[in-house]
Amino acid sequence: MASSPRRITFGTITCLIASLPLLAGCPSKSTTSSGASKPEVFSLTWSEYPSWSVFGVAHEAGLLDQAEGKLGEIERKWNVDIVLKQADYDKCIEIYGTGNADAVCITNMDILGPSLQKASVVLFPTSTSDGADACIAVDGLDLESLKTQASFGLERSVSQYCFERVLEKNGLNPSDYTFSNMDPAIAAQALQSNDEKIKSIVVWNPFVMQTLESRSDAKVLFDSSAIPEEIVDMVVASKQAMQRKGGKDFAYALMETFYEVSRRIDDPKSADETLVALGEKFSNLDAKAMKTVVTQTKFYKSPKDAIALLEKKSFRDETMPTVAKFCVEHEILTLEPGKDVSLGFDASDKQLNFSSEYLKGYLETTAKK
Amino acid sequence: MIRKRIPALLFLALSLAGIAALISCYAALSARTTAKNAQQTVVPGIDGFKKGFEKILKPGGMASNPKPAMIWSDLAATYWRLFLGLAIGVSLSIVVGVSMGAYRWIEALLSPMITFLSKIPPTAMMPIYFVLVGTDQAMFATMVGLGVFFTMAQSIYSAVQKDVRDDAIDKAYTLGASDMEIIVEVIWRQILPRVIDNIRLQIGPAMVFLLAAEMIVGNAGMGYRIRMESRILNMNVVYIYLAILGLSGLFAEYALLWTRRRISPWFGE
């Protein structure tokens, strides 16, 4: 009885809240259209991660403005309006997959699924996990005794990939081990609060660092530094968006943003300030902790580094096929019978194209300017 | 005219038309999205749902070690957790609610605390449950149990106060009944339909807490599957799961309504 008026007010409030951005968006759009040609609007969805929080930092630094209708320095230079949408990692995949963003920050593993239905192009790799994903155990567990305990981490994610790949690399059989699903934040929390049933977790940063700090008997059994350049973080865009007017400028503006913030991290003059800003966008870590994070998440700091990865033989012929195989085996990818994963390097006919074309284009264009 | 009756047949026809409209809107949306991109799995069509059903009904495990299909293990996991949680929450709230309604000193002791705690959304308490109760079955049961307990204890307490008239209790005392006899024979009989109604109303919120928890911990369950499959954009499976949740909710609703009418026909609608 009492619930019906409550439901009405709740609905009304939701409506009001939902209409706020509409109201706010209208006037700002008309005021910024005074430029020569109105910049095209493109969107990027990103989640907290060292090499992706860069875009959040760029907003703070005024290089980009995350709002639609407002331009930062780099946006003005390339005459493109970039809208930043921050969300949880899983949500980013959904936002991109359902067509609500033109580009996404995603790993080389998780993009395989969405690209099946949404033809995509890898614009540039941002970083690779070099210790940022780790299996942490307590009670003196080793690789042998780990067989008796379940390891907790997010199923069907880079955590499970890292777990099984490193075991394989050590000549062990992953099917002798139990990987049990749990959100990494909760798994880390459980280990830190001495939950008796949780002796081993597979998580990523900041949870790796946090857990090691708060439990002195916790040890890293192994981490992603054993599988270098297999877990790669990237910026991927839909081919459809790239074909739109201003698509290239969008790609170049994202690259310039990423390389500018990376430069600032390395420049002693701006390093601390940038790392602190990055830390704020990444679980509130301080500059010192962020330095560790940044070494465990190795950035591809320049277009040349990025091109080198995309042209590297082992990445093309070994890593990506291994990743694709893992995804098919774990039903992350469901392929039509007889069909193969459609991915290629500088192959524009593939559903997922790891392209160095935009990186090279960016180098050429900036050399001219 | 407001509240004017309409023929039963027309009522039925309109109900069916509403459902048909919902389905055809969905079909149109799916066809439009598929026309734009034949590979899309976001708004699946009939083929997509066929594949979805095949996937959820495919036996799990290996030939040498067969396991039930995912839908059965997920349904079993979620509804067992719901049942455990509700069993704890409901029995506890009956004991506490009835004693609060019956004895002033228990009312004074517990009522302010329970009123306060019932105002904290159980989903917000999740991190506390993870730390205090761990992350396995006990956590799900505690969370659902305590989630419904505070609200239900309050409703039962107010039912004892309002639905049981003083003269009924006085008459029972005059006829020589003991306290326990009054609680069982007078109070419990009077509030039983209210208890059943409250269980019916609490299933919805309980499912909210349970699914929220299953989305972050656990290896099986409706919430787990919905998160995992939506993460890899298998929306065909997600929609089927949502439909199953809706249908089972409807079933529980009618089953409890029927039970209440059966047990306490005097209570009316």
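**Helix H9 of chain B and the sheet of chain A**

Let me begin in chain A, where strand S6 (residues 150-153) runs parallel to its partner S7(A), the two being joined by four bridges. Within that pairing, Ala150(A) has Thr178(A) of S7(A) as its bridge partner. I should state at once that this is a predicted model.

Both strands belong to an open sheet of five strands in chain A, ordered S7-S6-S8-S5-S9, in which the pairing is mixed. S7 and strand S9 (219-223) of chain A form the edges, each pairing on one side only. On average, neighbouring strands of this sheet are turned by 30 degrees against each other, direction ignored. Helix H6 (residues 158-169) of chain A lies across S5, S6, S7, S8 and S9 of that chain, and runs at about 120 degrees to S8(A).

I turn now to the contact between the chains. Here 20 residues of chain B are in contact with 22 residues of chain A. On the chain B side, helix H5 (126-133) and H9 are the elements that give two or more residues, and H9(B) gives the most, with four. By class, that side has nine nonpolar, nine polar and two charged residues.

Why is H9(B) described as largely enclosed by the rest of the structure? The reason is that 10 of the 10 residues of this helix, residues 222-231, are buried; among them are Tyr224(B), Arg225(B) and Glu229(B). Their cover includes helix H4 (89-97) and strand S7 (178-181) of chain A, together with helices H3, H8 and H10 of chain B. After H9(B) comes Leu233(B), with a positive phi near 60 degrees.

Note on methods:
Residues are numbered from 1 along each chain as its sequence is written. Chains are lettered from A and ligands numbered from 1 in the order in which they are written. This is a predicted model: local features need pLDDT of at least 70, side-chain atom pairs count only at pLDDT 80 or more; totals for chains, interfaces and linings use all residues. A residue is buried if 20 or more other C-beta atoms lie within 10 Å of its own, exposed if 12 or fewer, and partly exposed in between; C-beta atoms are placed from the backbone. Two residues are in contact if their C-beta atoms, placed from the backbone, lie within 7 Å. Ala, Val, Leu, Ile, Met, Phe, Trp, Tyr, Cys and Pro count as nonpolar, Asp, Glu, Lys and Arg as charged, and the others, Gly among them, as polar. Two strands pair if DSSP finds at least two bridges between them. Axes are lines fitted to C-alpha atoms, for helices over the stretch in contact, and angles run from 0 to 180 degrees between N-to-C directions.
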